[in-house]
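Me: Please take a close look at one buried helix of this model, and follow it outward to the ligand and the packing around it. I would like one connected account, with the cut-offs behind each term.

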Amino acid sequence: MKEKIEQLSREIAELKAASAAQVEELRIKYLGKKGVMTALMSEFRNIAPEDKRTFGQRLNELKNAVTEKIAHLKEELAEREDAEMEIDLTRTATQEPFGTRHPLSIVKRRIIDIFGAMGFTVAEGPEIEDDWHVFSSLNFPADHPARDMQDTFFIARNPADVLLRTHTSSVQTRVMEHTQPPIRIVCPGRVYRNEAISARAHCFFHQVEGLYIDKNVSFADLKQVLLYFARQMFGPETQIRLRPSYFPFTEPSAEMDISCQICGGKGCALCKGTGWVEILGCGMVDPNVLKSCGIDPEVYSGYAFGMGVERIANLVYKVKDLRLFSENDVRFLHEFDNAR
Ligand code: PHE
């Protein structure tokens, strides 16, 4: 028995395996129910009682040695497999699909960037407003149709006329109320108007409005800033045209057209044959507005402008139906994957 054990321990130390199947074979051979160790255990029963202690110990050691050896062979194999597997460590990890920026966010950021480069900073304000900030401070007469239920979503009629802002000019009021010039801001945000939803109108949309107030600000400054904006936004060939218009809060007021992006001014369906498309409203801030916001119109003057982000996005991306912007159909949104 002693010799058998010694021979086996030498044998075990030499064991080798080239595959997982071979390791398993060895395990069955030595540790299986009908294996070498089981056989030795039954021989052990016939050993003289005085030798049992020593042999018992040896047998246990042998059993541990086989178990360890087999575990070691398994490990070795796994390591070898890992090393043999071809892993290209320079490859990037599996790509998670990214979401996309919403086209309106892309266009809004672009507008803000262009004006930002000219020194305008961003100002924001609440969407739920009161009559003073949206209308009264901006020189709207008491009976102006924009205050009418037709256009404005009122939340409470009295006492303070709580409503959803119909333009972000309300943010300009808020800034003028507590800041003395120079003021140079753009006000991006969502606005609400009670309109029937169609391909060309929605009950909410987005605006970026701008305001510049300082000493000696003139209409020529306004025109130059808007020309620069139009060329940055729509390309260096873009022409602008200012048409006289009316807003309660500006005097004089104008609407600005740009030369049509599709036909380059020759006349097409988009520009309805005129060669021009309207993109924004603007003008010199009415002295009454400055006064009601605590700015002295004898010292300061300024200009303001306002545009719809959807309108600009339509021109940039040729989106035919305004509703696409708020339905969030991923097939539509993924068309802007590579836009910035
Ligand atoms: N607030 C106007 C609108 O919502 C746009 C505008 C802003 C016009 C500033 C002139 C000057 O239509």
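**Helix 7 and its surroundings**

Reply: In helix 7, the buried residues are Ser169, Ser170, Val171, Gln172, Thr173, Val175 and Met176, where buried means under 20% relative accessible area, exposed over 50%, and partly exposed in between (1.4 Å probe, protein chains only). The model is predicted, so local features need pLDDT of at least 70 and side-chain atom pairs count only at pLDDT 80 or more, while totals for chains, interfaces and linings use all residues. Residues are numbered from 1 along each chain as its sequence is written, and side-chain values use heavy atoms, with hydrogens and water left out.

Because 7 of the 10 residues of helix 7 (residues 169-178) are buried, this helix is largely enclosed by the rest of the structure. Its buried residues pack against strand 2 (128-130), helix 6 (131-134), strand 5 (183-192), strand 6, helix 9 (287-292) and strand 10; contact here means heavy atoms within 4.5 Å, and the elements are DSSP runs numbered from the N terminus, helices being H or I of at least four residues and strands E of at least two.

Ser170, which lies in helix 7, has 0% relative accessibility and counts as buried. Leaving aside residues up to four places away in sequence, Ser170 touches Glu129, His133, Val134, Leu138 and Arg165. Its side chain also reaches the backbone oxygen of His167 at 3.3 Å, a polar contact being a pair of N or O atoms within 3.5 Å; within protein, one must be able to donate a hydrogen and the other to accept it, and residues adjacent in sequence count only if both atoms are side-chain atoms.

His167 leads on to the ligand, since 13 residues surround the ligand and the closest are His167, Ser169, Arg193, Gln207 and Glu209, a residue being near if one of its heavy atoms lies within 4 Å. A polar side-chain atom of His167 lies 3.0 Å from a ligand nitrogen, one of Ser169 lies 3.1 Å from a ligand nitrogen, and one of Arg193 lies 2.9 Å from a ligand oxygen. The protein covers 89% of the 320 Å² of accessible area that the ligand has on its own, by the Shrake-Rupley method with a 1.4 Å probe, only the protein chains shown counting as cover for residues. Strand 6 (204-214), strand 9 (276-285) and strand 10 (301-308) are the elements that give two or more residues to the shell around the ligand, and strand 10 gives the most, with 3 residues.

Strand 9 and strand 10 also enter the packing beyond the ligand. The largest nonpolar core has 45 residues, of which Ile111, Phe115, Ile258, Ile279, Tyr303, Phe305 and Met307 touch the most other members; such a core is a set of buried Ala, Val, Leu, Ile, Met, Phe, Trp, Tyr and Cys residues joined through side-chain atoms within 4.5 Å. Among the elements that each supply at least two residues of this core are helix 5 (103-116), strand 6, strand 9 and strand 10, while the largest share, 8 residues, comes from helix 8. Apart from this core lies another, of 24 residues, including Val171, Ala123, Ile185 and Ala304.

After helix 7, the loop between helix 7 and strand 5 holds Pro182, and the peptide bond from Pro181 to Pro182 is cis, with omega near 5°.
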